[in-house]
Amino acid sequence: MGFGAALLDNLRALPASIEASWQSAGEQRRNFVLHLHPVRITARALRLGTTFGLGIITLALALLLAATGVLLMLYYSPAPESAYGSMLDIEHLVVFGGFVRRLHRFAGHAMVVAVGLHLLRVCATSAFRGRELNWWIGLVLLGLVLGLAFTGYLLVWDQTAYWAVQVAANLLDNLPLIGAYIKVGLLGGERVGAASLLRFYTLHAALLPGGLLGFVIWHLWRIRRDNGLARPPVPEEAMVPAWPNLVLREVIIMLAVVGIVGLAAVLLDAGLGPPADPLHPANPEKAPWYFIGLQELVSYSALTGGVLFPAGLFLCLVLMPLLDREEEQVGVWIGPRTDRLLLGATALFGLLTFVAAEAAFLAPDNRAAHARWPALAQDLINPAGLGLLAALIGFVVIGRLSGRTRPALRAALVVLVVFLIGATFIGACRGPDWMFSWPW
Amino acid sequence: MALKVDTNRRLQLGLLLSVLLVAVVMAVVVVQELRAPWRRLQAQYLALGVDEAFTGIREINTPHGRVDRCATCHLGSLAATAPVTVKLEPHPPFARGHEPERLGCTVCHGGTGRALNPDVAHALPGTGDRDPLLEPPYIEASCSQCHVPGAVAGSERVARGAELYLSLGCAMCHPLAPGGRGGWDFGPDLRSLARQSPTQLRTSLFEPTADYPRSTMPSYETSLDRDQTALTDLLAFVQALSLTPLEQPADARVTAPCVDCHSGSRGLAGGRLEHRCTYIKVRPQLVCAGCHDPEVPAGRFCPLIIEHREACRACHWQSRTPGAGAALAGSSGEPGEQP
């Protein structure tokens, strides 16, 4: 038949050919969400108390941040002379702009908290046992999330942001050998400026989200590969279908996360400070809240607070799956009762040591006296040094008491975490000239 | 596939509550947007039955790189005869040549021009400070961004404030030389501070230790509290100091050095000399020698210049160089003026 007739023939058969193509897609028509999930899961994985849904909460926050971030990218301008103006435009000119911005900011803060809680949950249940690779992937994700939070902080280009980033970048100078190079590479110079803004924007909007996407996919795939959530090795257990049980619970958690962050965005304000002024430092210059604990510790000793303490924490986290090789009580919250008692006692010990250390150094006169000590004494005796010492004491004492490495590692970690959280609180309460004042 | 939903009661309740929460939040956001202050004001304005029919955001892109959206709420301010929904006084006569349609509003009135929320728009950027030059006595300070104080009609208050600055001895500790600091400078260069509101300045004058416990500045309460005019003049001048110069003044009196001291018909030196320098006025014996002694570089005798760190340069701008401290003070609305 001629071309015209063939064409008409095909057009007439259009509905049928569409239906046929749809049919031939076959297996690929299956639901993507179901494909991500295993077919059957343990009933225990459905209970809220198993993980408190922290992984899903973090994922939901990440998706919310990605969506709101893309919307903000449509209006934001990453150059010093127009950044603040574009923030004002987003707040006032763009319809729902202020709401989207507040969603993004509050979700960002919430994500740092959620990632930390998720990490602590995995530690507390020793869920890295048998899944060491996923644990280290998780640590990489922690670094990426902190990097995203930090790079995003600068973009508003107000006084708070500008000087917070300058201070936090200066913390890098304390790292031996490589610190100065990292700082200059990050800032595009010694000081925060136009190069820094562009670099931070590229990191925040392209490079780090790309990295996050890759590692999150790997992280989730490893969960499937490792046969689901960590659980006690009970051989026979009732399995339930993932659909609808697990998927429905995930949907509820995700909606709840969006709802709660949305509520915060409606009720609270995320204002803009005065526009960034490179000639006039803010007083006090404070790093973002997730780094201010570090800043507080560094203020006493750059070596101990800026290098040794973070290194201790980092080593503790990285080596945890290698030093804790027990098979019992995996997936269970802090094993046998004695373990809980020991951990509680160590936490209390850590808290008391921290309070004592800070109380000793809090008064300005004591602080000034400390600054006059010989360098070695200054570096050894300060809140960070005392924290490391207390962690070591906890490690050895609990290790000898229990005869196992797991409680010892948990003890060391809990002391370091208590010191970090405490230092964050103290740092947050500091005002002009780095003077401490109670928040009430 | 069969869609069999779990009939667990708690789960159903959880789903319902979370969906409800998200729906409520979205509804609140939409309502907040529809009831934005500027939308309500415009609706009221249109209800007055005005010929001018418009809706939406009204922007002025000023030659100084700012964006002023004030006319979105301050309706009628751009039309000479239309009624206004927000009570405004008409611009004074010397505002001719300063049309808001061209220059915008914030260049004279301060505030955050890009904002549409009154709490943000009527305040210094990033602060809750709501009296940045909005009050008429202090609006004159804005004139100094382009004009020498006192050189144009309407800026007499700032000129009087400059004289007070010298006679009260402010320049002894707060230097005004282009280089900024040096020698006797105990206090910060007032040109390099961020924009201060009259309230903050009043506190600094009457209670210097209120914000800075270690300040050695004396209190001016006794000399200024009784004389409200003098206080207002001085505050206007100090506010003017913190504003960034926007343009080189076109006043002839500043373009030639000699006419710093000489005034006369249109800046031509000659005829009757009138020294506007306060110091010379009370020491007539120094009148001629100071400038006409060939062995003394002109002006070097002047204790004002020596002790007050060339305070005259506060107004006479050809020596005010950008980046010498004056340039990057918090600008009165937008950060666009960074060099």
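The following exercises, each with a worked solution, concern a predicted model of two protein chains, A and B.

**Exercise 1. The two chains as wholes**

Determine how many helices and strands each chain holds, and what share of each chain is buried.

*Solution.*
Step 1. Begin with chain A, whose secondary structure comes to 19 helices and two strands. Its C-alpha trace spans about 100 × 65 × 40 Å along the principal axes.
Step 2. Of the 440 residues in chain A, 45% count as buried.
Step 3. Consider next which residues of chain A touch one another. Among its contacts between residues at least 6 apart in sequence, 80% join residues at least 24 apart.
Step 4. Turn to chain B, which has 15 helices and two strands. Chain B contains 339 residues, and 42% of them are buried.
Step 5. In chain B, residues 24 or more positions apart account for 59% of the contacts with a separation of 6 or more.

**Exercise 2. Confidence in chain B**

Identify which elements of chain B have the lowest and the highest mean pLDDT, and which stretches stay under 50.

*Solution.*
Step 1. Start from the average: the mean pLDDT of chain B is 69, and 57% of its residues reach 70 or more.
Step 2. Compare the elements. Helix α12 of chain B (residues 252-255) has the lowest mean, 46, whereas helix α1 of chain B (residues 9-34) has the highest, 93.
Step 3. Locate the weak stretches. Over residues 180-184 of chain B, pLDDT stays under 50, and the model has twelve contacts there beyond four places in sequence. Residues 317-339 of chain B also stay under 50, with 68 such contacts.
Step 4. Draw the consequence for reading the model. Where pLDDT is low, the predicted coordinates should not be read in detail.
Step 5. For the complex, the predictor gives an ipTM of 0.85 and a pTM of 0.83.

**Exercise 3. The interface**

Describe the contact between chain A and chain B: how many residues take part, and what area is buried?

*Solution.*
Step 1. Count the participants: 36 residues come from chain A and 40 residues from chain B.
Step 2. State the area. The two chains bury about 3100 Å² between them, 71% of it on carbon and sulfur atoms.
Step 3. List the polar links. Five residue pairs are in polar contact between chain A and chain B, both residues being at pLDDT 80 or more.
Step 4. Assign the chain A side to elements. Helices α6 (80-93) and α12 (242-267) of chain A each supply at least two residues of the side that touches chain B. The largest share of that side, 15 residues, comes from α12(A).
Step 5. Classify the residues of that side of chain A: 24 are nonpolar, seven polar and five charged.

**Exercise 4. Salt bridges**

Find how many salt bridges cross the interface, and examine examples within each chain.

*Solution.*
Step 1. Recall the principle: side chains of opposite charge can pair when their charged atoms come close.
Step 2. The whole structure has 20 salt bridges over all chains, and two are found across the interface of chain A and chain B.
Step 3. A:D89 forms a salt bridge with B:R114, with the closest N and O atoms 2.8 Å apart.
Step 4. Within chain A, A:D173 pairs with A:K183 at 3.0 Å between the closest N and O atoms. A:D173 lies in the loop between α9 (159-172) and α10 (179-187) of chain A, and A:K183 lies in helix α10, ten residues apart.
Step 5. Compare their surroundings. A:D173 has a relative accessible area of 37% and is partly exposed; A:K183, at 4%, is buried. A:K183 also meets A:E190 in a salt bridge of 3.4 Å, N to O.
Step 6. Within chain B, B:R39 forms a salt bridge with B:E33, the closest N and O atoms being 3.2 Å apart. B:R39 is partly exposed at 28%, while B:E33 counts as buried because its 19% lies under the 20% limit.
Step 7. Salt bridges that share partners join A:D89, B:E59, B:R69 and B:R114 into one network.

**Exercise 5. Backbone geometry in chain A**

Determine where A:W157 and A:N227 lie, and which residues a cis peptide bond joins.

*Solution.*
Step 1. Recall the usual pattern: most residues other than glycine have a negative phi, and most peptide bonds are trans.
Step 2. A:W157 has a positive phi of about 60° and is found in the loop between α8 (132-154) and α9 of chain A. With a relative accessible area of 4%, A:W157 is buried.
Step 3. A:N227 has a positive phi near 70°; its place is in the loop between α11 (194-225) and β2 (239-241) of chain A. At 57% relative accessibility, A:N227 is exposed.
Step 4. A cis peptide bond joins A:W243 and A:P244, with omega about 0°. A:P244 is in helix α12 of chain A.

Note on methods
Residues numbered from 1 in each chain as written. Chains lettered and ligands numbered in written order. Heavy atoms only, no water. Buried area = accessible area lost by both parts, 1.4 Å probe. Salt bridge = Lys/Arg side-chain N within 4 Å of Asp/Glu carboxyl O. Polar contact = N/O pair within 3.5 Å; in protein donor to acceptor, adjacent residues only side chain to side chain. Helix = DSSP H or I, 4+ residues; strand = E, 2+ residues; numbered from the N terminus. Nonpolar A, V, L, I, M, F, W, Y, C, P; charged D, E, K, R; others polar. pLDDT = per-residue confidence, 0-100. Contact = heavy atoms within 4.5 Å. Buried < 20%, exposed > 50% of the residue type's maximum accessible area, 1.4 Å probe, protein only.
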